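Trainee: I would be grateful for a close look at one part of this model, namely its salt bridges and the backbone around them. Please begin with a single pair and then widen the view.

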Amino acid sequence: MVTVNNSGGFYRGGRFLDREAGIAAGERPETGRKGTMAYGILEAHNTSGNMDFLRLKFDAMASHDITYVGIIQTARASGMTAFPLPYVLTNCHNSLCAVGGTINEDDHVFGLSAAKKYGGEFVPAHQAVIHSYMREMYAGGGKMILGSDSHTRYGAYGTMAVGEGGPELVKQLLGRTYDIAYPRVIAVYLTGAPRPGVGPQDVALALIGATFAQGAVKNGVMEFFGPGVANLAMDYRNGIDVMTTETSCLSSIWETDRTVQLSLEAHGRGGDFRTLAPRDGAYYDAWITVDLSRVEPMIALPFHPSNTYTIREFNENLADILHKVDEDTVQKLELKTRPESLLKKIRNGRFYADQGVIAGCSGGTFQNLRKAAQILGGAPVGSDAYWLSCYPASQPVMMELARTGALTTLMASGVSIRSAFCGPCFGAGDVPANGAFSIRHSTRNFPNREGSKPGDGQLSYVALMDARSIAASSLRGGAITPATELDVEPDEAFVDYRFDDSAYRRVYRGVGRPQPEAELVFGPNIADWPAQVALPENLYLTVASAIYDPVTTTDELIPSGETSSYRSNPLKLSEFALSRKDPQYVGRAKAVLALERRRREDPADPEVAAALDGHDPRTTGLGSLVMAIRPGDGSAREQAASCQRVLGGCANLCEDYATKRYRSNVINWGMLPFTVDDIAQYRIQPGDKLYLPGIRAALERGDAAVTAQLIQNGQARELTLKLENLTAEDRDILLAGCLINYYANH
């Protein structure tokens with residue numbers, strides 16, 4: 001169903017030639033790479049004059065209401081006076097306004113005032129989830145869009161979109177560029193047509209399962225083309241595309257055709273269509289083939305979208321697979337008390353979920369929800385414990401579902417219909433009961449994404465499935481059922497969709513019309529970033545947390561869900577840092593930070609001298625660091641890094657960074673992004689020390705590695721720390737102490 005070829009190759013005449021065979025036939029990689037769709041778009045947006053190292057400017061940007069306040073505050077502190085490009089502020093994450101008093105709505109009021117003052121676009125709460133709005137109103141052929149959300153993906157419309165941390169959006173607001181080396185480009189060649197009952201989430205999960213663990217597309221651009229594309233409707237393509245984030249790729253792009261053109265015309269933007277396709281002889285760094293006709297209904301079990309099985313395989317091996325999930329739960333969540341086994345949910349040989357959800361940018365599309373309505377057909381989902389909720393991704397989608405009768409059919413089945421909201425994707429909507437198992441067509445199933453708090457004895461589970469199989473399972477009281485078991489009509493390759501933008505009459509459209517005299521409206525929870533200091537000559541760091549999981553997600557570095565109300569208050573938010581993974585982290589980091597503040601006030605303080613173990617307090621700063629094997633998988637949220645910095649963090653120490661966006665956040669917040677080969681061998685623990693003599697001079701020289709002293713149990717040994725692939729600007733940001741300081745100096 002999915003085949004991965006990790007070697008480079010050429011695409012010519014409808015087939016792939018491996019690198020050696022292609023070169024032997026006269027092909028050249030340096031020429032062939034210019035034939036990809038990605039190359040043309042990147043070239044059009046590159047300002048460096050050098051395609052090996054890109055300095056990109058985007059056509060538009062988008063943020064939601066747990067990121068835009070911090071971004072605007074940072075840009076404002078760095079000298080921004082107006083948005084220099086279209087910037088859309090959506091309100092789809094904190095739209096419930098149910099936690100923290102007035103906090104959430106205060107952020108929305110701030111967002112509207114900022115759109116007026118700086119010339120932006122403001123989408124009120126419950127109107128659309130961020131990515132649905134950007135598909136409907138902004139995506140188009142050959143464009144590039146930057147978003148402060150990891151699932152910023154509009155490739156099916158011919159747009160290369162990138163999800164990044166807030167500081168990268170700040171750079172665009174200040175007229176700077178997004179700087180990266182030219183990325184790997186990976187072909188995804190689609191053939192065949194999906195079987196009836198197989199949906200876009202099934203294709204996406206099959207791709208994620210085949211690529212994530214081996215890093216096949218990490219930080220690359222996935223380029224979709226092939227005869228199978230024509231067999232997919234627009235929503236179907238979007239549903240696959242948005243989930244490419246979970247492969248850890250940088251971006252995505254698809255060939256475009258009449259289906260894309262008709263969709264843009266339906267949205268009143270036919271002029272944004274561009275024909276995109278790879279040229280004969282295009283060179284790819286790897287290629288993946290997907291036979292759509294062989295994809296089966298899939299399930300991604302806790303606690304990652306790559307933990308995939310076919311539903312058939314799951315149902316045939318329930319005992320073994322559920323036992324593995326039980327063991328993963330204890331290990332991943334570091335539980336001292338073993339929870340009740342999921343095997344208890346097997347009845348008469350079938351596994352029963354407690355809840356279903358179809359929501360967000362991946363699940364809440366018109367085609368998905370209409371197909372779910374067709375499968376349910378108004379039949380009741382039952383009056384027992386199982387329940388199903390559906391979230392149309394925008395008000396125009398809701399209106400079309402109502403016009404066509406699909407909404408009535410869903411409601412007649414007992415489905416709860418919600419407004420456009422991203423909560424089910426990060427643990428803030430439709431939280432299941434303790435011990436419950438939720439099947440969701442949403443983007444992620446990381447630990448705690450469903451809102452549970454294992455530390456307080458509350459635990460629930462999320463598995464990812466397609467809307468079609470969720471509807472089929474709902475007909476059977478929650479028993480996990482592939483939609484292919486039912487008599488399901490095939491998905492159409494083209495869906496006649498009427499877009500009515502009258503639902504967006506409340507959108508404030510001020511792009512290009514800033515009002516400098518307008519006042520920003522601040523609520524009591526909106527706070528400025530605390531001041532940071534420049535990098536000292538030397539550093540003496542204390543390990544405040546050491547995490548030995550194979551991968552550490554941004555959810556574990558700073559929780560989602562209950563913390564979202566505090567994203568506009570750096571100090572309050574930092575109290576939650578690593579709270580689910582290492583509850584002692586905050587206390588350890590704050591103790592070091594307190595000593596560092598005393599050092600700055602009085603270098604002769606005897607407690608400071610004791611903490612520095614004899615190193616010169618006038619030239620040696622104190623700080624903390626976090627050690628993890630591979631941190632940063634998942635969300636683009638900058639707070640996974642900024643909270644460490646607010647607490648006095650000066651470095652990350654790891655074997656590799658799970659995503660470019662997390663590493664970028666670490667750098668932009670002034671923390672040194674060290675890597676160490678086989679770091680686990682050193683058995684670093686909280687309380688260990690790391691002395692970095694001459695670290696400022698090393699950065700100024702551009703050293704790609706530094707020699708440090710690792711002190712454990714009073715014994716010191718040398719350790720080589722790598723600082724690879726830092727740009728000149730990266731180094732200047734680290735020397736200045738953070739991005740805000742850097743701009744204040746420039």
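Mentor: Lys-218 is a suitable place to begin; in this predicted model, the residue is buried, with a relative accessible area of 16%. That value places Lys-218 in the buried class because the class is limited to residues under 20%. The partner of Lys-218 is Asp-656, and the closest N and O atoms of this salt bridge are 2.5 Å apart. Asp-656 belongs to the loop between strand 30 (649–654) and helix 24 (660–668), whereas Lys-218 belongs to the loop between helix 8 (200–211) and strand 12 (221–225), so the bridge ties together parts that lie 438 residues apart in sequence. The two ends do not share one accessibility class: Asp-656, at 34% relative accessibility, is partly exposed, while Lys-218 is buried.

The pair is part of a wider set, for the model contains 39 salt bridges. Another of them joins Arg-468 and Asp-466, with an N to O distance of 2.7 Å. Here both partners are buried. Glu-485 and Arg-476 also form a salt bridge, at 2.8 Å from N to O. In that case Glu-485 is partly exposed, with 44% relative accessibility, and Arg-476 is likewise partly exposed, at 33%. Salt bridges can also be linked to one another: Glu-168, Lys-171, Arg-176 and Glu-729 form such a network.

The backbone deserves the same attention. Most residues other than glycine have a negative phi, and most peptide bonds are trans. Against that background, three sites may be examined in turn.

The peptide bond between Pro-302 and Phe-303 is cis, with omega at about 15°. Phe-303 is located in the loop between strand 16 (298–300) and strand 17 (308–310).

Ser-248 is not a glycine, yet its phi is positive, near 80°. This serine sits in the loop that runs between helix 9 (234–242) and strand 13 (251–254), and Ser-248 is buried, with a relative accessible area of 3%.

Leu-578 also has a positive phi, of about 55°, without being a glycine. Its place is in the loop between helix 20 (570–574) and helix 21 (585–601). At a relative accessible area of 0%, Leu-578 is buried.

To return to the starting point, Lys-218 and Asp-656 each lie in a loop, and loops also hold Phe-303, Ser-248 and Leu-578.

Terms used
Residues numbered from 1 in each chain as written. Predicted model: local features only at pLDDT ≥ 70, side-chain atom pairs only at ≥ 80, totals over all residues. Heavy atoms only, no water. Salt bridge = Lys/Arg side-chain N within 4 Å of Asp/Glu carboxyl O. Helix = DSSP H or I, 4+ residues; strand = E, 2+ residues; numbered from the N terminus. Buried < 20%, exposed > 50% of the residue type's maximum accessible area, 1.4 Å probe, protein only.
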